[in-house]
Amino acid sequence: MADYIFNVARVLAQTSGPSRVVDVVAPASVLDVPELSGPVRGTARFTRLSDAVLVTGEMQAPARLPCARCTDDVDVKVEFALDDQFVPRVDPVRGGVIDPGDRWHLDPGHNLDLSQVLAEGAISALPPRVICAGPCEAPWDGPAMSEPAMDPRLAPLERLRRQMLHKDYDSHG
Ligand SMILES: [Zn+2]
């Protein structure tokens with residue numbers, strides 16, 4: 001089984017006891033988050049609640065984002081915490097499908113698939129704006145763009161044009 005899907009049938013069966021700790025490795029390819037440049041890794045803890053399995057843990061992943069000032073890619077590390085509840089699809093006592101509300105469903109075999117919560121966590125942890133360490137960080141100090149100097153032969157024409165504009169302006173105002 002992949003290192004981001006865990007069978008929690010035994011966690012569900014126990015009424016109390018130590019929580020289960022697992023190592024999580026989820027390849028970027030299964031998470032469908034194009035910014036990720038490597039797998040999400042971390043440690044997750046499964047704790048039995050009265051009607052759900054609580055997943056907590058700390059995750060991190062490498063990501064690659066475009067610089068906000070130039071076209072270079074910037075490598076960053078994203079970190080996020082898990083705090084999600086998974087409920088069985090079918091109520092083990094009363095039967096019938098459980099409405100998950102804002103929680104997640106286990107699959108019918110009581111497998112807990114973390115890919116969705118890992119993808120959402122990674123997306124929410126992406127920095128909104130990154131700047132590369134390259135020269136684009138320094139202010140541009142090359143030759144300033146400026147108007148080309150006026151050809152001296154055009155100067156009399158320009159003077160004339162301004163006089164006409166001025167007259168025109170006067171006659172109307
Ligand atoms: Zn840059």
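Which strand is asparagine 111 found in? Asparagine 111 sits in strand 7, and the last of the views below comes back to it. Everything here is a predicted model, where local features need pLDDT of at least 70, side-chain atom pairs count only at pLDDT 80 or more, and totals for chains, interfaces and linings use all residues. Residue numbers start from 1 along each chain as its sequence is written.

**View 1. The whole chain, for orientation.**
The chain has 4 helices and 7 strands; helices (H or I, at least four residues) and strands (E, at least two) are DSSP runs, numbered from the N terminus. Going along the sequence, you meet them as β-α-β-α-β-β-β-β-β-α-α. There are 173 residues, and 20% of them count as buried. Buried here takes 20 or more other C-beta atoms within 10 Å of a residue's own, exposed takes 12 or fewer, and partly exposed is in between, with C-beta atoms placed from the backbone. Of the contacts with a separation of 6 or more, 55% link residues 24 or more positions apart. A contact is a pair of residues whose C-beta atoms, placed from the backbone, lie within 7 Å.

**View 2. The open sheet.**
Five strands make an open sheet in the order 2-3-4-5-6, and the pairing is mixed. Strand 2 (20-26) and strand 6 are at the edges with a single partner strand each, so one side of each has no neighbour in the sheet. Pairing calls for at least two bridges found by DSSP between two strands. Strand 5 (residues 73-87) and strand 6 run parallel to each other, paired over 2 bridges. Look for phenylalanine 86 opposite tryptophan 104 of strand 6.

**View 3. Two hairpins in a row.**
Strand 3 and strand 4 are antiparallel partners over 8 bridges, and this hairpin has 4 residues between its strands. Phenylalanine 46 has valine 55, in strand 4, as its bridge partner. Next, strand 4 pairs with strand 5, again in the antiparallel sense, over 14 bridges, and 6 residues join the two strands in a hairpin. Two spots to find along this pairing: arginine 64 has aspartate 75 of strand 5 as its bridge partner, and leucine 65 stands opposite valine 74 in strand 5. As a rule, side chains in a regular strand alternate between the two faces of the sheet.

**View 4. Helix 3 across the sheet.**
Helix 3 (residues 115-125) lies across strand 2, strand 3, strand 4 (53-66), strand 5 and strand 6, at about 135° to strand 5. That angle is taken between N-to-C directions on a scale from 0 to 180 degrees, using axes fitted to C-alpha atoms, for helices over the stretch in contact. Val117, Leu118, Gly121 and Ala122 are buried in helix 3. These residues span an arc of only 130° around the axis, so they are on the same side of helix 3; the arc is that of the directions from the helix axis to the C-beta atoms. Their cover includes helix 2 as well as strand 2, strand 3, strand 4, strand 5 and strand 6.

**View 5. The largest nonpolar core.**
This core holds 26 residues, and Val40, Leu114, Leu118 and Ala122 have the most contacts inside it. Strand 2, strand 3, strand 4, strand 5 and helix 3 each give two or more residues to the core, with strand 4 giving the most, 5 residues. A nonpolar core is a set of buried Ala, Val, Leu, Ile, Met, Phe, Trp, Tyr and Cys residues joined through C-beta atoms within 7 Å. Zoom in on alanine 122: apart from neighbours within four places in sequence, it touches Leu31, Val33, Leu36, Val40, Ala61, Val78 and Phe80 by the contact cut-off.

**View 6. Two loop residues with positive phi.**
Aspartate 32, in the loop between helix 2 (28-31) and strand 3 (40-48), has a positive phi of about 60° without being a glycine. Histidine 110, also not a glycine, has phi near 65° and belongs to the loop between strand 6 (104-105) and strand 7 (111-113). Which of the two is buried and which is exposed? Aspartate 32 is exposed, because it has 11 other C-beta atoms within 10 Å, while histidine 110 is buried, with 20 C-beta neighbours inside 10 Å.

**View 7. Back to asparagine 111.**
Asparagine 111 counts as partly exposed, with 14 C-beta neighbours inside 10 Å. Leaving out neighbours within four places in sequence, asparagine 111 contacts Ile5, Phe6, Asn7 and Leu106. Proline 88 is 23 residues away in sequence, and its C-alpha is 9.2 Å from the C-alpha of asparagine 111.

Terms used: Two residues are in contact if their C-beta atoms, placed from the backbone, lie within 7 Å.
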